[in-house]
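Notebook open, model loaded. I want to go through the charged pairs before anything else, then work outwards to the strands.

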Amino acid sequence: LINIIDGETEKTPASPVYITSVELGDTSFNYNTYQPDKKLHLKYYQNQARFEFSAASFVNEKQILYSYHLSGSADTNWTTPASIHTVSYASLQPGNYNFEVRTAGWNGTWSTVANFEFTIR
């Protein structure tokens with residue numbers, strides 16, 4: 001195994017992250033048509049959420065580290081960065097939610113956050 005150290009790689013900013021798929025309750029949403037100014041209201045039984053996200057990179061995609069959180073839920077802390085790019089939540093209580101995800105850069109910086117807001121009545 002050969003390790004190559006490239007000083008320029010260390011200066012590369014974090015890859016932008018994109019939410020590629022959203023499933024809420026029994027409905028899938030095309031994130032490309034998501035309009036943040038329009039509030040998405042779900043019924044109380046549509047209380048499951050699944051998010052997929054991705055970042056383009058010229059490096060091995062398994063080396064991209066993601067961190068995410070769901071504000072409005074019991075645990076609002078950002079997760080430890082990992083190469084996982086899908087997350088699911090079950091039995092969400094009525095309330096306002098904001099899913100946010102970001103990527104970690106080689107130099108310890110974070111990318112711009114991608115987010116998706118919704119309300120469970």
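**Entry 1: charged pairs**

I started with Glu52 and Arg50, whose side chains form a salt bridge at 2.6 Å, N to O. Note to self: this is a predicted model.

Which other side chain does Arg50 meet in a salt bridge? I found Glu23 there, with an N to O distance of 3.9 Å. That sits inside the 4 Å cut-off, so I count the pair as a salt bridge. Arg50 belongs to strand E4 and Glu23 to strand E1, so I looked at the spacing as well: the two are 27 residues apart, and the pair links distant parts of the chain.

How many salt bridges does the structure hold? I get two. Because they share partners, Glu23, Arg50 and Glu52 end up in one network.

**Entry 2: buried or exposed?**

Next I looked up the accessible areas of the three residues in that network. Arg50 has a relative accessible area of 27%, Glu23 comes to 32%, and Glu52 to 25%. Buried would need a value under 20% and exposed one over 50%, so I wrote down "partly exposed" for Arg50, for Glu23 and for Glu52.

**Entry 3: E1 and its partners**

Then I followed the strands that carry these residues. E1 pairs with strand E4 (residues 49–55) in the antiparallel sense, and I noted seven bridges for the pair. Ser21 stands opposite Glu52 of E4, and Val17 has Ala55 in E4 as its bridge partner.

What joins E1 to E2? Three bridges do, and these two strands also run antiparallel. Glu23, already in my notes for its salt bridge to Arg50, has Ser28 as its bridge partner in E2. E1 and E2 make a hairpin with two residues between them. I checked the turn too: Gly25 has a positive phi of about 60 degrees.

**Entry 4: the sheet**

I widened the view to the sheet. Four strands make it up, in the order E2-E1-E4-E6, and it is open with antiparallel pairing. Which strands are at the edges? Strand E2 (27–29) and strand E6 (86–89), each of which pairs on one side only. I also looked up the turn between neighbouring strands: 20 degrees on average, direction ignored.

**Entry 5: Ser15**

Back to the stretch ahead of E1. Ser15 lies in the segment before that strand, which spans 17–24. What does Ser15 touch? Leaving out residues up to four places away in sequence, I listed Ala55, Ala56, Ser57, Thr103 and Ser111. For Ala56 I took the distance as well: its backbone oxygen is 3.3 Å from a polar atom of the Ser15 side chain. Ala55 turns up twice in my notes, touching Ser15 and bridging to Val17.

**Entry 6: whole chain**

Last, the totals. I count zero helices and eight strands, and reading along the sequence gives β-β-β-β-β-β-β-β. How much of the chain counts as buried? I have 34% of the 121 residues. The accessible surface comes to about 8,000 Å², with 51% of that belonging to carbon and sulfur atoms. For contacts with a separation of 6 or more, 67% come from residues 24 or more positions apart.

Conventions: Residues are numbered from 1 along each chain as its sequence is written. This is a predicted model: local features need pLDDT of at least 70, side-chain atom pairs count only at pLDDT 80 or more; totals for chains, interfaces and linings use all residues. Side-chain values use heavy atoms; hydrogens and water are left out. A polar contact is a pair of N or O atoms within 3.5 Å; within protein, one must be able to donate a hydrogen and the other to accept it, and residues adjacent in sequence count only if both atoms are side-chain atoms. Contact means heavy atoms within 4.5 Å. Two strands pair if DSSP finds at least two bridges between them. Axes are lines fitted to C-alpha atoms, for helices over the stretch in contact, and angles run from 0 to 180 degrees between N-to-C directions. Buried means under 20% relative accessible area, exposed over 50%, partly exposed in between (1.4 Å probe, protein chains only). Accessible areas come from the Shrake-Rupley method with a 1.4 Å probe; for residues, only the protein chains shown count as cover.
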